[in-house]
Amino acid sequence: MTDFNKFCRFLQSKSPQDDSEPRIKVAILDTGIDAEHAYIKKRWPRPDLCDGGYQDFLSDSGDSAPQDNDGHGTHVAGILLLYAPNAELYIGRIVETNESCRNDEYMKKRVAKVGKVLTLC
């Protein structure tokens, strides 16, 4: 836990307190995000992926509303926003549940697709 606390202090020290420095870009490829969660709603705008937002790589259209049926991605995003509040957050929903990522044979393809989308941003 000591190493985690050191890491959190490091993130806070590197996070600009104003808009004078460029924001750090972070992509979370996980179970999505619950954009209606009270903590997330206050701290994360919801534009499309190229504008620093969300894209669902599980749906055929890729443009569904932000969701997280498992909660894992929301939890990860919340921790990131807590310790690096000025991070420019990108969310890619690539798995249904945290557990399913261990047996998902198509996850590598979705991760590659995310990489292609982000290079277009």
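The accessible surface of the protein comes to about 7,800 Å², and 53% of that area belongs to carbon and sulfur atoms. These values, like those that follow, rest on a predicted model, and of the 121 residues in the protein, 31% count as buried. The average pLDDT of the protein is 79, with 76% of the residues scoring at least 70. Confidence is lowest in helix 1 (residues 2–14), where the mean is 69, and highest in helix 3, where the mean is 92, a contrast worth keeping in mind while reading the model.

The secondary structure consists of four helices and three strands, and, read from the N terminus on, these elements follow the order α-β-α-β-α-β-α. Contacts between residues at least 6 apart in sequence are, in 73% of cases, contacts that join residues at least 24 apart.

The strands are a good place to begin with the fold itself. An open sheet of three strands is built in the order 1-3-2, with parallel pairing. Its edge strands are strand 1 (25–30) and strand 2, each of which pairs on one side only. Neighbouring strands of this sheet are turned against each other by 15 degrees on average, with the direction ignored. Looking at one of these pairings in detail, strand 1 and strand 3 run parallel and are joined by six bridges; within this pairing, Leu29 has Gly92 in strand 3 as its bridge partner. Helix 3 (residues 72–83) packs on the sheet, where it touches strand 1 and strand 3, and the direction of helix 3 makes about 160 degrees with that of strand 1.

From the backbone we can turn to the charged side chains. Side chains of opposite charge can pair when their charged atoms come close. With a limit of 4 Å between a side-chain nitrogen of Lys or Arg and a carboxyl oxygen of Asp or Glu, the count comes to three salt bridges.

One of them joins the side chains of Asp56 and Arg93, at 2.8 Å from N to O. This pair links distant parts of the chain, since Asp56 lies in strand 2 (residues 54–56) and Arg93 in strand 3 (residues 88–93), 37 residues apart. How accessible, then, is Asp56? Asp56 has a relative accessibility of 1% and therefore counts as buried, the cut-off for that class being under 20%. Arg93 is likewise buried, with a relative accessible area of 3%.

Arg93 also forms a salt bridge with Glu96, in which the closest N and O atoms are 3.0 Å apart. Glu96, at 39% relative accessibility, counts as partly exposed, a class that lies between the 20% and 50% limits. Taken together, Asp56, Arg93 and Glu96 are linked in a network of salt bridges; in that network, Asp56 is buried and Arg93 is buried, whereas Glu96 is partly exposed.

Another salt bridge is found between Lys41 and Glu36, whose closest N and O atoms are 2.9 Å apart. Which class of accessibility does Lys41 fall into? Lys41 is partly exposed, with a relative accessible area of 48%, and its partner Glu36 is partly exposed as well, with a relative accessible area of 46%.

Conventions. Residues numbered from 1 in each chain as written. Predicted model: local features only at pLDDT ≥ 70, side-chain atom pairs only at ≥ 80, totals over all residues. Heavy atoms only, no water. Buried < 20%, exposed > 50% of the residue type's maximum accessible area, 1.4 Å probe, protein only. Helix = DSSP H or I, 4+ residues; strand = E, 2+ residues; numbered from the N terminus. Pairing = 2+ DSSP bridges. Axes fitted to C-alpha atoms, helices over the stretch in contact; angles between N-to-C directions. Contact = heavy atoms within 4.5 Å. pLDDT = per-residue confidence, 0-100. Areas by Shrake-Rupley, 256 points an atom, 1.4 Å probe, with all protein chains shown as cover.
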